[in-house]
Amino acid sequence: MNSIVGTIGGASPLAADRSPMIDPFGRSVTYLRVSVTDRCDFRCTYCMAEHMTFLPKKDLLTLEELDRLCSAFIAKGVRKIRLTGGEPLVRKNIMFLVRKLGESVKNGALDELTLTTNGSQLARHAEELYDSGVRRINVSLDTLDPDKFRTITRWGDFSKVMEGIDAAQKAGLKIKLNAVALKDFNDTEIPDLLRFAHGRGMDLTVIETMPMGEIDEDRTDQYLPLSQLRTELEGQFTLTDIPYQTGGPARYVQVAETGGRLGFITPMTHNFCESCNRVRLTCTGTLYMCLGQNDAADLRTALRASEDDALLHAAIDEAITRKPKGHDFIIDRTHNRPAVGRHMSVTGG
Ligand code: SAM
Ligand code: SF4
């Protein structure tokens, strides 16, 4: 862990310190998620309002600055980076950042570079993602019905996402599908999604809706506890708990009938914060130490204050001392406001 990777983190001697960052609760922080843009070409009803106010373009970090920030985190022991958003593949020239970070995978400084995407732009980027060192990606897909897909994403084109999935698999990328479980929308369709995913060699993960940001709808109408979904699935499938881990919060079961894995991400019904290893960086250089809390650290000022990384490293260290124990999301009729005001697209899912 203490090996020196000379090319990362600029020329700062602090780049040599690659022991993992430890938070006040003894958790190692080895996973950085980067929302490279809060903009998106979809407007999923559980994620955004149709008419969104996005972060001002002038506040955006350049891709070079994002690369420098990521390199500082790698120098401080981060082993996995996920690019997310908004939609990461709509950020102009995003492949520049992918290629730069891919160098850290190739030289062993990072174990994994990955991304979460809605798939709309995947077909034209799939091969370059693979060539840059990306091996696994998450694609969000809530339904297999093109009309329902248009309803839930408001602006999305189902056939484009299918083309993206085809191209990604052809390029050699392993795909995990993510579906948000939505009451009276896709709950009865999860078995079909499961068969589709497993039939094509993809894992599927289902996610509970989280109360983040104002949307145009009532979240209590959308919220489906996954404990309920699991019981319903057990009527059709044999689910066996397995210890499989991808470094994320999903708990997996093996599905006997399809031979594939199904993950459950349950931020609402089961808090998984005790094993949290991650922090989240926004495209304006704000670091959130927890998805479900408002406390944040401004890294942009430190980044721009000097070309040397010493101030940046100090700002990161200080932020990690403030990583909270966990989140406390609640969705019910008496808590009808979002737990945090910002949308998922600001910090990335
Ligand atoms: N645009 C990309 C995508 O959709 O995959 C990446 C960003 S999106 C915010 C990441 C993930 O967060 C998606 O799987 C999405 O379904 C999920 N998501 C968005 N809003 C959510 C919410 N309020 N609760 C739970 N999951 C949410
Ligand atoms: Fe865009 Fe992803 Fe949010 Fe859907 S979930 S609106 S694709 S950021």
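A polar contact is a pair of N or O atoms within 3.5 Å, where one must be able to donate a hydrogen and the other to accept it. Keep that idea in mind for the second stop of this tour, and remember that the model on your screen is predicted.

**Stop 1: the whole protein**

Start with everything shown as a cartoon. You are looking at 11 helices and 14 strands. Of the 349 residues, 58% are buried. Now switch on the surface: its accessible area is about 14,500 Å², and carbon and sulfur atoms account for 52% of that.

**Stop 2: D23**

Select D23, in the loop between β1 (21-22) and β2 (28-29). Is D23 buried or exposed? With a relative accessible area of 5%, D23 is buried, because buried means under 20%. Show the side chains here. The side chain of D23 makes a polar contact with the side chain of R27, at 2.7 Å. A polar atom of the D23 side chain also lies 2.8 Å from the backbone nitrogen of F25. Looking beyond residues up to four places away in sequence, you will find D23 touching V29, I320 and K323.

**Stop 3: the sheet**

Next, colour the strands. An open sheet is formed by 12 strands, in the order β9-β10-β11-β8-β7-β6-β5-β4-β3-β12-β13-β14, and its pairing is mixed. Which strands stand at the edges? They are β9 (239-242) and β14 (296-298); each has a single partner strand, so one side of each has no neighbour in the sheet. Turn the sheet slowly and follow its twist, which averages 25 degrees from one strand to the next.

Strands of a sheet pair through backbone hydrogen bonds, either parallel or antiparallel. For an antiparallel example, select β10 (residues 251-255) and β11 (residues 260-265), which are joined by five bridges. Here R251 stands opposite F264 in β11.

**Stop 4: strand β7 and its neighbours**

Select β7 (174-180). Six of its seven residues are buried, so β7 is largely enclosed by the rest of the structure. On one side, β7 pairs with β6 in the parallel sense over five bridges, and V139 stands opposite L177 in β7. β7 also pairs in the parallel sense with β8 (residues 203-207), again over five bridges; there, N178 stands opposite T205 in β8. Add helix α5 (residues 158-171), which packs on the sheet and touches both β6 (136-140) and β7. The direction of α5 makes about 150 degrees with that of β7.

**Stop 5: the nonpolar core**

In soluble globular proteins, nonpolar side chains tend to be buried together. In this model, the largest nonpolar core has 99 residues. L32, I81, L83, L141, L177 and L287 have the most contacts inside it. Which helix gives the most to this core? Select α1 (residues 63-75), which contributes seven residues. Then zoom in on L83: beyond its neighbours within four places in sequence, its contacts include V34, V36, P88, L97 and L115.

**Stop 6: two loop residues**

Most residues other than glycine have a negative phi. Finish with two residues that have a positive value. N93 has a phi near 60 degrees and lies in the loop between β4 (80-84) and α2 (94-106). D184, in the loop between β7 and α6 (190-199), also has a phi near 60 degrees. Are they buried or exposed? N93 is exposed, with a relative accessible area of 51%, and D184 counts as exposed at 68%.

Note on methods
Residues are numbered from 1 along each chain as its sequence is written. Chains are lettered from A and ligands numbered from 1 in the order in which they are written. This is a predicted model: local features need pLDDT of at least 70, side-chain atom pairs count only at pLDDT 80 or more; totals for chains, interfaces and linings use all residues. Side-chain values use heavy atoms; hydrogens and water are left out. Helices (H or I, at least four residues) and strands (E, at least two) are DSSP runs, numbered from the N terminus. Buried means under 20% relative accessible area, exposed over 50%, partly exposed in between (1.4 Å probe, protein chains only). Contact means heavy atoms within 4.5 Å. Two strands pair if DSSP finds at least two bridges between them. Axes are lines fitted to C-alpha atoms, for helices over the stretch in contact, and angles run from 0 to 180 degrees between N-to-C directions. A nonpolar core is a set of buried Ala, Val, Leu, Ile, Met, Phe, Trp, Tyr and Cys residues joined through side-chain atoms within 4.5 Å. Accessible areas come from the Shrake-Rupley method with a 1.4 Å probe; for residues, only the protein chains shown count as cover.
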